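This report describes selected features of a molecular structure, with attention to one strand, the chain that holds it, and one residue elsewhere. Please consult the sequence and the structure shown here while reading.

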Amino acid sequence: MTKTLSKNELESWLGNILKERTLVAPRCVDDLTLFLPVASVDEIAFDCGNTDLSPKDWFFPRTEALFTAEHKDADIEITPAVIEQETVIFGIRPCDAKGIAILDGPYLADPADSLWAQHRAKTTMIGLSCSSPAPQCFCTSMGGAPFDSSSVDILLTEVNDGYIVDAVTEKGEKLLQGVELKESDVSGSVPSCDTQVPAEGITEAVKRAFDDPYWGRLADRCLHCNICAYVCPTCYCFDIRDRTEGGKIERLRTWESCQSKGFTKIAGGHDPRVDKGSRLRQRFCHKLLYFPEQFGPLGCVGCGRCVVSCPVNIDIREIISDVQELGAKVGEGSS
Amino acid sequence: MASDFTQQIREKARELLEDGTVECVIGYETGSDGISARPAFIYNAADVERLVFDNTCTHNLVKYLLNKKAKSTAVVVKGCDSRALNLLLSERQIERDKAFVVGVVCPGIVESRWNERSEQLQKRCDWCRQHTPVVSDFMVGDPVTEQPPADFADVAEEEAKTAEERAAFWQQQAERCIRCYACRQACPGCYCTDCFAESLDPEWVGIRIAPAESQMWNTIRAFHLAGRCISCNECERVCPVNLPLSLLNRKLEQKVLELFDYRAGMSEDAPAPLITFKKDEKLGIAE
Amino acid sequence: MSRIGVFVCHCGTNIGGVVDVPKVVEAAKQMPLVVFADENKYTCSELGQASIRNAIDEHRLDRVVVAACSPRMHENTFRRTVAAAGLNPYLLEIANIREHCSWVHSDHDEATVKAIDHVQMAVAKVARHEALFPKTIGLTKRALVIGGGVTGIQAALDIAATGHEVVLVEREPSVGGRMAQLDKTFPTLDCSACILTPKMVDVAQHPNITLLSYSEVKEVRGFVGNFEVDILKKAKMVDHSKCTGCGTCWQKCPGKVSSEFDLGLGQRTAIYIPFAQAVPNKPVIDLENCRYQTFLKWDESQGGKKPPECRICEKICPTKSIDWEQQDEIVTEKFGAIVVATGFKTFDHSVYGEYGGGRYPDVISSLQLERLMSAAGPTEGEVVRPSDGAHVKNVVFVQCVGSRDDRVGRPYCSKVCCMYTAKHAIMLKEHDPDVQCYVFYIDVRAGGKDFEEFARRAQDESGAIYLRGRVSHIYQDGKNLKVLGEDSLIGRPVEIEADLVVLATGMEASDNADTLAQTLNISYTIYNFLIEAHPKLRPVETQTDGVFVAGSAVGPRDIPECVAHGSAAAVKAVALLSQDSLKSDPLTSIVDPMKCVGCFACKVVCPFNAIEEQVTRDKRTVSSINENLCKGCGLCVVACRPGAINLRGFTSQQLLSEVLTLVRE
Amino acid sequence: MSENSAPLIIGFLCNWCSYAGADMAGTSRAAYPSNIRILRVPCSGRVDPMMIVKCFQEGADAVLVAGCHPGDCHYNEGNYYGRRRFALLRELLDFMGVERERFRVEWVSASEGKRFAKIVTDFTNEMTKMGPRKAS
């Protein structure tokens, strides 16, 4: 038996949430679909597929003050940033939710990033199973699934006359308190992700192909913009700078990317990743090698945003296949 | 026609690689979706069969010449792209004798995205007055000389709004911008090793990815291209949040044409309008 | 962290009467990095300056803001003050709270708010100041004078008199210029040649002066104190080191051509000196008209008779000075200063169709009349008609030919014509009391010592009839000329029968003045007259340090003005050459070669050729600033998209800091 | 400091002509409204369009650039380059919603103190009438 909610009931539930918390949901803004706060349930785009930008903005904002500092007489007074607002994200896909969840690895490892921890604690994720995976999607190859509930607080799965509701976490159950759910025996059809990527053993393959000229050739075409990193739900690199206004200083953290020139420039001017090949390789090594080595799961959830957005068609799925081949070749050579 | 162009480009590429004229041919190949083109770098004559030319070959490959350390590189250029060659030659960023230019008389490029391909021509093709490359060592297709008159209807439409509406419009655009700098990275005229946008001191553009900073970025990006933009519109195409960047470029293009009778990249010698002047000109400034 | 001191001046009541100075001081104390702020009655007084020096000492100030009058007034004063206390003089910034505040605003509160803002801007800017040091550069203690007219001669003699070497370059075979062509000078009626030739001889004989006649300046490189100049010495075909100037050759040479010096009224030979008193008094061969050259170039296929070989000069020269092998030669010389005195030429009146367009032989220019009147001229001083040699009785003068006339693109007044025409009228009457002169004029401009009296004398004593009006038509009527004009004072047409018409042709810049100006990187007007650094206060300096201008190359001038300017330029040149070394202004541009992308937009826009190309260790061609040429305008900074160039004293950081204090508060 | 809704006008004045002209306004006590804040620059050609955009982006209501009259530039050509840059910049700013009236360029010589005062007075009045900028 499963619990269900009709579309109308869902909407009134969301309407209630909206009264007490910030509700973030996919919204169509002109030609884009983005996770944005909604003022009314009507604004929510229920059938939008994957959004153009990932929801990571709500845990790792593009710009966020870490603290402010001010001169007080002869002293400097520091006020750390505090997240007070309770937020609910509705309509997050299992892949995106997984993207957020795996970032607990780097951000909550000791010493934990206090802002990340606060964002996670104050935010409840209502996931939506992926009923029609897009051609660029490949979540199943990366250890996810269109109906994967492991990273959300509540998972909704669309069925003919409503949604199957699966309260996954305590936080999810709490949010559902007072909501009348119907018992039903419907089951959601299980969609599958057509695209299969040979990700198994990729960590080993990347390691072997590390010094291959492949990366340099691939970088020939790379423009080194930050699109892939900024649309990616799991790219979590940042830059920190101070901003002064009058006598006040704000320490700001903003998105940055390993694809930027100078990202790895260190004091004295040296840059260990000055050539384009090593920068591009860094992106894939981080996702496919360093992240799993440090935190377990692969650093890619297969959402496919970078595949679609890259202006020069640098396609991570193609790269995984290529690297597997290369790795195999190098493996043969060395054995 | 497209297959004929493809054939001619492959043959030329083979010849250039085989006789050692060039070390690399920069052209187009079919992308991972099987329907749209992407840039291709061919180093061996054996690989020339990868090269294609069709109406999805949108990228301005001249951009890639900026980083090429090779002794000699062949590059496939369309009419609009070719103007970038003149721009970069006049600004001493590339050396003419290191580039072999395979010009393609452009049949027009359609709107395409990964796994999406429409038969609708891109906006820039509507404005295009340069189907035939202005620089080439080898021409694919029959040159056309006909030049449609300049048309700035899109700019006029924007200008018909009130200042307040325009301010609000650009404010909305700035709110979308994620400052990935793809517009800059794709632009053949943006080649500074240290972009003003990333200068820490002076900090022209603050670190915040926020409307005020993005507005600053977009304004100055456009201004740095004033009289230099060659209208390939790659900036707008690559933008992941679909900012209407062409409007800014074209506003300046229109003004540059009107005030200085100048179109960027049409010749290697004509000085760009902002690094020259006429003593007696009337520009509507303090007159 | 900087330690900034702020000193707010009351300037008596000039500032304090409007701005609440104590309030500004209190506000300054709260500004970031300010560790000391105080007020003075008069900060520029010795007492005020002492208080700055003491505070620098006592509070270990490393930067100073003075809020007072305009920096154009006392910036240098206070730079010296802080320097006296051991600070670098450039670690100072002035907040202008007098001219830009207290003197123009009457509302005390508003003025105080603005004064605080200006102090805050100055504080923010000075925090970004860096110590700057002028560079010491050596110099070549020699001067180049371009142009051997009276101006150049005067300049050369005055510089040489101070013991400095001078090279005087003259395009023609002799020095003397236009003044040498004149008969008498106004208003004293001195004989022009009598007063000029001694100076010409002095030039030739002065041990410190090297005269390069028949030479031209081709290329100028370098900068103040260190110019390197390519001078083209045209082939004279006569070895002047052997030639004694005996004159045998030019007396015997059969190649007769029209004389440039006599403006077509007389003849000279192919080997020639332009006039009898020429300096150097040694000839050059005009190859165009030399018979030997015609012989050499003769081509049988053209037919006709083979010309004689000639070579008479060579045969009769007692010192064997004729050298057929001589070639044009370029010599490179070094100079510390350059004086440009390239003078003028007269307007070509043939553009005036109504005056005959140059077709009537008896319509001549004033300068031609000078040659006719000159005892050394083609008619030995007899004023006769060029057409038939008859003595003249009725002479009509037409003023403003190529002056004050927009139609021919010469709207300016040539300044000397009114006076030289008066001179001509007086002289003609003196030559022959029967002569009647008529002068068609627009205005008689006789501003100058004894000028008005002189102009009146032409009318009152010499009986010249002055008719206010333009001449509409001149035409040949038999042997004589008919001059149709209008006397606008009585509003009636006038017709005069004349046997000679003299056109008062105006002054124009000499040929190629613009090319030379470009070579020297100095500016010139649309009429090709050179532009001085400031028309009133820096009349002989130019925008290019070390290059001075004098005489009528700058604009129409008479002889005494030219001489005075020649001397003035000489003094400026000597003041420069007398220094042991030069200090360059440190407020120049600077390039960060790491950021430079080598597009050289900077080089294109730099008005001073101060951008040089330099190859870095990683083989990139980048720009670099020649600080000796840079004037600190900052054009390159704005042209530089990557921000590789900055301007010391006005860096982008400094200006941005100022702006941010205004908008982020 | 744009409190009490008085417009904030930032003026960039070239050292040789216009800054001296503003000095002359002071010397001749030619009064004008106090809203303008003046920066001294060597030449109007040193005024970077980026700086002007920055002024607007950070909230200035108006910008005045003043330089030598054409032909009078201390550096011969600076204002000619400036004129081109400003002509285009003003178009771009206007296009993006910063009304062209808010960015003014004037040629003011060292002797035009009264004129400088009049320019600032007129400009301030116009900006007060237009009110503060709407966006960003």
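## Pairing of strand β4(B)

In this predicted model, V77(B) of β4(B) has G103(B) in β5(B) as its bridge partner. Strand β5 covers residues 99–104 of chain B, runs parallel to β4(B) and is joined to β4(B) by five bridges. Between these two strands the chain passes through helix α3 (residues 79–90) of chain B, and the resulting β-α-β crossover is right-handed.

Strand β4(B) also pairs with strand β1 (residues 24–30) of chain B, again in the parallel sense, over three bridges. Here A74(B) of β4(B) is the bridge partner of V25(B).

## Burial of strand β4(B)

Strand β4 comprises residues 73–77 of chain B and is mostly covered, with five of its five residues buried. In a regular strand, side chains alternate between the two faces of the sheet. In β4(B), T73(B), V75(B) and V77(B) point one way, while A74(B) and V76(B) point the other way. The residues of both groups are all buried.

## Overall form of chain B

Chain B contains ten helices and eight strands. The radius of gyration of chain B is 20 Å; a compact globule of 287 residues would have a value near 19 Å, so the two agree. The C-alpha trace of chain B spans about 60 × 45 × 40 Å along its principal axes.

Of the 287 residues in chain B, 63% count as buried. The accessible surface of chain B comes to about 11,000 Å², and carbon and sulfur atoms account for 48% of this area. Contacts within chain B were also examined by sequence separation: among those between residues at least 6 apart, 69% join residues at least 24 apart.

## The surroundings of T588(C)

In chain C, T588(C) lies in the loop between β30 (582–584) and β31 (589–591). Is this loop residue, T588(C), buried or exposed? T588(C) has a relative accessible area of 0% and is therefore buried, the cut-off for burial being under 20%.

The side chain of T588(C) makes a polar contact with the side chain of R648(C), at 2.9 Å. Leaving aside residues up to four places away in sequence, T588(C) touches E627(C), C630(C), G632(C), N646(C), L647(C) and R648(C). R648(C) thus appears both as a residue touched by T588(C) and as its side-chain polar partner.

Definitions and conventions:
Residues numbered from 1 in each chain as written. Chains lettered and ligands numbered in written order. Predicted model: local features only at pLDDT ≥ 70, side-chain atom pairs only at ≥ 80, totals over all residues. Heavy atoms only, no water. Helix = DSSP H or I, 4+ residues; strand = E, 2+ residues; numbered from the N terminus. Buried < 20%, exposed > 50% of the residue type's maximum accessible area, 1.4 Å probe, protein only. Polar contact = N/O pair within 3.5 Å; in protein donor to acceptor, adjacent residues only side chain to side chain. Contact = heavy atoms within 4.5 Å. Pairing = 2+ DSSP bridges. Right-handed = clockwise from strand over helix to strand, strands pointing away. Rg over C-alpha atoms; globule rule 2.2 N^0.38 Å. Areas by Shrake-Rupley, 256 points an atom, 1.4 Å probe, with all protein chains shown as cover.
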